[in-house]
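Q: Could you give me a close look at one part of this model, the interface? I'm new to this, and a short explanation of each term would help.

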Protein chains: 2
Amino acid sequence: MSSEHQAEREEHVTRQVLESFAGSTTPRYREIMEALVRHSHALVREVRLTEQEWEQGIDFLTRCGQISDDRRQELILLSDVLGLSMLTIAANAPEEPTATESTVFGPFFVDGAPEVPFGGDIAQGASGQPCWVSGQVRGTDGSPVAGARLDVWEADDGGLYDVQHEGDVTQGRGHLFSDEQGGYGFWGVTPTPYPIPHDGPVGDLLAAAGRSPMRPAHLHVMVTAPGYHRLVTHAFVAGDDNQRGDAVFGVKESLVADFVEQPAGSPNPTGRRLDGAWRKVSFDIVLNPETRTDERRSIPSGRREGA
Amino acid sequence: MSSEHQAEREEHVTRQVLESFAGSTTPRYREIMEALVRHSHALVREVRLTEQEWEQGIDFLTRCGQISDDRRQELILLSDVLGLSMLTIAANAPEEPTATESTVFGPFFVDGAPEVPFGGDIAQGASGQPCWVSGQVRGTDGSPVAGARLDVWEADDGGLYDVQHEGDVTQGRGHLFSDEQGGYGFWGVTPTPYPIPHDGPVGDLLAAAGRSPMRPAHLHVMVTAPGYHRLVTHAFVAGDDNQRGDAVFGVKESLVADFVEQPAGSPNPTGRRLDGAWRKVSFDIVLNPETRTDERRSIPSGRREGA
């Protein structure tokens, strides 16, 4: 068969599939699905995907779904290691360069983590060096944002989040609200570098790619406040070599902060009794005001809730 | 922020991710993953994917994995309705136009279906009109292929495969071998049109796209024989209107066969006692000899078996 005939035969498949989305229930759905078809078909053609490779791909995605549960989200991890999470964040980034930059959400957020007051402790027994985290939440115009909700979560110094431990313990996560001056402050543990979960299909991908599963030390922060764009970000620990090869491409220079070591016995902001050295970090958060483009919402459902 | 700065920022993410695959364990793995990164990133940029749409995509793929089990394979169904299965088949098609054409594998094949002798019945109680299926397996040079293995599977006249019924019954599937002259013959039921499973995420996709879940009536046939390219195909029933809008784009003219109705009481090839009308179809199978390109196998593992 001529290669021209072969190309025509492949294009015929793609045309048929594109046409099948002509009756989509919304223009946005049609736009996304047609683009998905064009780009995914281009991939198959370009690499001349074999049937065995196709089977491996099906199997890989199936395993990603099946290893996921309420404590593990392998598809987010896949999106993260392919840079799709960071790219989506970049594509939706606030246009105001003075706002705090976003980074990956990651797979370890848990809804309903407990509230802590100003000066409270989110560690709740998570192992690690005590760390005082404080700062101010403000808008890009400099005005303090009172009552902003900060969700914070982090791994212990063994590199594990609470949900990666056996049992139902909640450690290293919580939420709090900024005060009248936008101020916030809480105790946690000093973040340490850790590998993303690599005992599943995404770990296999990294191994086949010769890539490290390590992430640099970081604290997750998500901030929501009425009238502002939701911010999902990290505070990274200055001086951490793992920032160069972050498995999920999440590092941004502007998010690297000094976690300053304080000697044992030095006074601390809440008069807490501490046995050894501790750290403190100042991490101000600048929110971008909400804009009309935030309203552009899209995918219609067919889909049911809670499935 | 200027759109130029924005584009540069997005390209920076893509470059970083592409570089991360430079140390892949095989050149083929690198080739596929780099192409996956380029095309998937191009998709996100082109449609300006929102964070909410990204979440819906993650959720969709997770549900596809989770609804899959040893009786249901939603990721294959997804590949089918996006035309990726047919495109992969087209890309790997034999170069010899006289060979029987391939079509989709589908999600309902089950390993280990029972062997039936020449003239045996694969229906095993599946509801439907009895149908005699016979033909010859030969190579593209016309020589008969003895001892070819035919795996055949089909839905009952309620549109369901055995694995879609409760319980562990095996009906409408089996395997048999061609005789010295390449001949084969077995009883099944006359195929009827049916909807692909549309109570899961793929059904939601079709609903949002305004697409029908129907497939035209067909019998699945997979043929393997030493020295020949494996053939995965269907016999479609002539005169079926559903051939125009096949949900999985599987129809090829050359695979449409006459399932000829025979009156009640007419003699049948095995002297089987039948109560009413039955059908018969002749479906010859022409296999393509194996070529060196079949050897091009690729994705290294990292991956464990049986996960």
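A: Let's start with one term: a salt bridge is a side-chain nitrogen of Lys or Arg within 4 Å of a carboxyl oxygen of Asp or Glu. Keep in mind that this is a predicted model, where local features need pLDDT of at least 70 and side-chain atom pairs count only at pLDDT 80 or more, while totals for chains, interfaces and linings use all residues. As for labels, residues are numbered from 1 along each chain as its sequence is written, chains are lettered from A and ligands numbered from 1 in the order in which they are written, and side-chain values use heavy atoms, with hydrogens and water left out.

Now for the interface itself. Chain A puts 90 residues into the contact, and chain B puts in 90 residues too (contact means heavy atoms within 4.5 Å). Together the two chains bury about 8100 Å², with 56% of that on carbon and sulfur atoms; buried area is the accessible area (1.4 Å probe) that two parts lose on being put together, summed over both.

How do the chains hold hands, so to speak? The rule finds six salt bridges across the interface of chain B and chain A. One pair to look up is E53(A) and R28(B), whose side chains form a salt bridge at 2.7 Å, N to O. There are also 32 residue pairs in polar contact across the interface, both residues being at pLDDT 80 or more. A polar contact is a pair of N or O atoms within 3.5 Å; within protein, one must be able to donate a hydrogen and the other to accept it, and residues adjacent in sequence count only if both atoms are side-chain atoms.

On the side of chain B that touches chain A, two or more residues come from each of helix 1 (3-20), helix 2 (27-47), helix 3 (51-67), helix 4 (74-81), helix 5 (84-91) and helix 6 (201-208) of chain B. (Helices, H or I with at least four residues, and strands, E with at least two, are DSSP runs numbered from the N terminus.) Helix 2 of chain B gives the largest share of that side, 18 residues. Sorted by class, that side has 38 nonpolar, 28 polar and 24 charged residues; here Ala, Val, Leu, Ile, Met, Phe, Trp, Tyr, Cys and Pro count as nonpolar, Asp, Glu, Lys and Arg as charged, and the others, Gly among them, as polar.

Stay with helix 2 of chain B a moment. R28(B) also makes a salt bridge with E31(B), at 3.1 Å, N to O. Those two residues are three apart in helix 2 of chain B, about one turn of the helix. R28(B) counts as buried at 12% relative accessibility, whereas E31(B) is partly exposed at 37% (buried means under 20% relative accessible area, exposed over 50%, partly exposed in between, with a 1.4 Å probe and protein chains only). Another network of salt bridges links R28(A), E31(A) and E53(B).

Helix 4 of chain A is worth a visit too. Eight of its eight residues are buried, and what covers them includes helix 3, helix 5 and helix 6 (201-208) of chain A, together with helix 1 and helix 3 of chain B. At the N-terminal end of helix 4 of chain A, Q73(A) acts as a cap, with a side-chain oxygen 2.9 Å from the backbone nitrogen of L75(A). Just after this helix, G83(A) takes a positive phi of about 75°.

What about disulfides? There are zero over all chains, a disulfide being a pair of cysteine sulfur atoms within 2.5 Å. Take C64(A): the closest cysteine sulfur is in C64(B), 12 Å away, and that is too far for a bond. C64(A) is itself buried, at 0% relative accessible area.
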